[in-house]
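Visitor: Hi! Could you walk me through this model while I have it open?
Guide: Happy to, just ask as we go.

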Amino acid sequence: MKHDPPARALCTDCGVSRSADPGACGRACQFIKPDYPRLEEAVHGRARADGDETFFGPFQAMYRARMARPKVGAQWTGITTSLAARLLEDNVVEAVLTVVSDAGDRWKPKPVVITDPMDMAKARGMRMGYAPLLALLDEVRARNMERIAVIGIPCQIYALRSLEAELGLEVLVIGTPCSDNTTTENFHKFLALLDKDPHTISYLEFRADYRVELRYDDGRTCTIPFLSLPISDLPSDFFPLTCRTCVDYTNALADITVGYMGGEGDQWLIVRNGRGARMLAAMGDEIILSEPGSKGKRMGAVKGFVANTERAAGGLPLRRMPDWVRPIVSFLQPRIGPRGLEFARARVEMKAAETILHLRRAMPAKVKNMVPDHVWKIAEPYDLTPKDDERR
Ligand SMILES: Cc1cc2nc3c(=O)[nH]c(=O)nc-3n(C[C@H](O)[C@H](O)[C@H](O)COP(=O)(O)OP(=O)(O)OC[C@H]3O[C@@H](n4cnc5c(N)ncnc54)[C@H](O)[C@@H]3O)c2cc1C
Ligand code: SF4
Ligand code: SF4
């Protein structure tokens, strides 16, 4: 990797700037003028339709899902890395581009080219931080590879799809949703607020039941309700502006998206096109599938979030409620709050509102080019509509 990340105000170091052609950032970057309709057409054969596709992007099918035998070390049950391992086993691809843990810091993502299906086990689990994954395309080219798979988060996949036609490669994409990423350094500060021995925490997840789950090296586990998290102790810029203004939560340009938001405790699959469907079919009965559920009503929760975000004026949206009310709300949230697909819609709406509010405040000149039409449509019920100078 030859180059430094570009000195752009909005950049998640996806790797393009470190590649042999750093100028490609201008054509590839999600943070300049993303064109989702064009790329959805190119990747899936059509742009997203109305209804749930407005929220989640084009799809053929959605499932609640889990591995019949969950994989040790996986973030959830290991569907993501198992799909990729199967592609290598069946010689559908020659290599998988993904991240493993840095040798000196398990939370720091390190990009790798994996060619042995057994090595996919090393990629299991979530790291927090940015990894220049796409710089590895230079290595793929140098090794004369022709068929690859990429596991990536939405800002990486947007850049990959923008450049795909120039690559001369067959590319399969397994995407994960992503929200609220931050630098690995910031994440260590968060862990230090959660436990006096933060280096013993081996796993963290923001679950769909409004709790954070922690696991420790000695096998202990615990969960903390979202409302009890020490958010007020974090600096207001804890989440970088990139992630607060990101316009693709669900990885709409992946062939298959593997997350958990709509899974009600299981995983959540969005099969977007024929390539994604073939990847899933190749797993046979190793993956257990069922219909995703949808319960509760999201509007009140999203309205409250939007009001808090506006009030925080760029800081972190803290809930205004007395301490004694927090345990009661924490008890009620997973029981009466939005669940399943309704929870996923709520999170997508919150992210759309955040994007608009943060960009308006911090970089108003970028609203016009950076906010796609579907994001305006998602935010419309919350009185967030484009002003004259914000329309494309
Ligand atoms: C920062 C971040 C935020 C996320 N937020 C959400 C969310 O809000 N809602 C949701 O449904 N899902 C989210 N996900 C995805 C979720 O955490 C799981 O990764 C996903 O459900 C797959 O689980 P699995 O057991 O199939 O993954 P595994 O089989 O364990 O594989 C995980 C894969 O993710 C890759 N990965 C891990 N960390 C990173 C990273 N920092 N950058 C790029 N790739 C990485 C690994 O290399 C591996 O290939 C997020 C992921 C990340 C990295
Ligand atoms: S394309 Fe990637 S490396 Fe280039 S500016 Fe955008 S996020 Fe940064
Ligand atoms: S939230 Fe968006 S910008 Fe931030 S790392 Fe995730 S996909 Fe990239």
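Visitor: How do H10 and H12 lie relative to each other?
Guide: They run roughly parallel to each other, a label for angles under 35 degrees (over 145 is roughly antiparallel, 65 to 115 roughly perpendicular, the rest oblique). The axes of H10 (residues 299-312) and H12 (residues 341-362) come within 10 Å and cross at roughly 20°. Axes here are lines fitted to C-alpha atoms, for helices over the stretch in contact, with angles from 0 to 180 degrees between N-to-C directions. Do keep in mind that this is a predicted model: local features need pLDDT of at least 70 and side-chain atom pairs count only at pLDDT 80 or more, while totals for chains, interfaces and linings use all residues. Residues are numbered from 1 along each chain as its sequence is written, and chains are lettered from A and ligands numbered from 1 in the order in which they are written.

Visitor: Which residues of H10 and H12 meet?
Guide: From H10, Ala301, Val302, Phe305, Val306, Thr309 and Glu310 meet Ala346, Glu349, Met350, Ala353, Glu354 and Leu357 of H12; contact requires C-beta atoms, placed from the backbone, within 7 Å. By class, that contact has eight nonpolar, one polar and three charged residues. Ala, Val, Leu, Ile, Met, Phe, Trp, Tyr, Cys and Pro count as nonpolar, Asp, Glu, Lys and Arg as charged, and the others, Gly among them, as polar.

Visitor: Switching to ligands, how many residues surround ligand 1?
Guide: There are 32, with Ala74, Trp76, Thr80, Thr81 and Gly259 the closest; a residue is near if its C-beta atom, placed from the backbone, lies within 6 Å. H4 gives the most to this shell, with three residues. By class, the shell divides into 16 nonpolar, 14 polar and two charged.

Visitor: And which residues come nearest to ligand 2?
Guide: Cys11, Cys14, Ser17, Cys25 and Cys29, out of 15 around ligand 2. H1 (25-28) and H6 each supply at least two residues of that shell.

Visitor: What about ligand 3, what surrounds that?
Guide: Thr12, Ile153, Pro154, Cys155, Cys178, Ser179, Asn181, Thr242, Cys243 and Cys246. That shell has six nonpolar, four polar and no charged residues.

Visitor: Last one: how many helices and strands are in the chain?
Guide: The chain has 14 helices and 13 strands, taken as DSSP runs numbered from the N terminus (helices H or I, at least four residues; strands E, at least two).

Methods:
Two residues are in contact if their C-beta atoms, placed from the backbone, lie within 7 Å.
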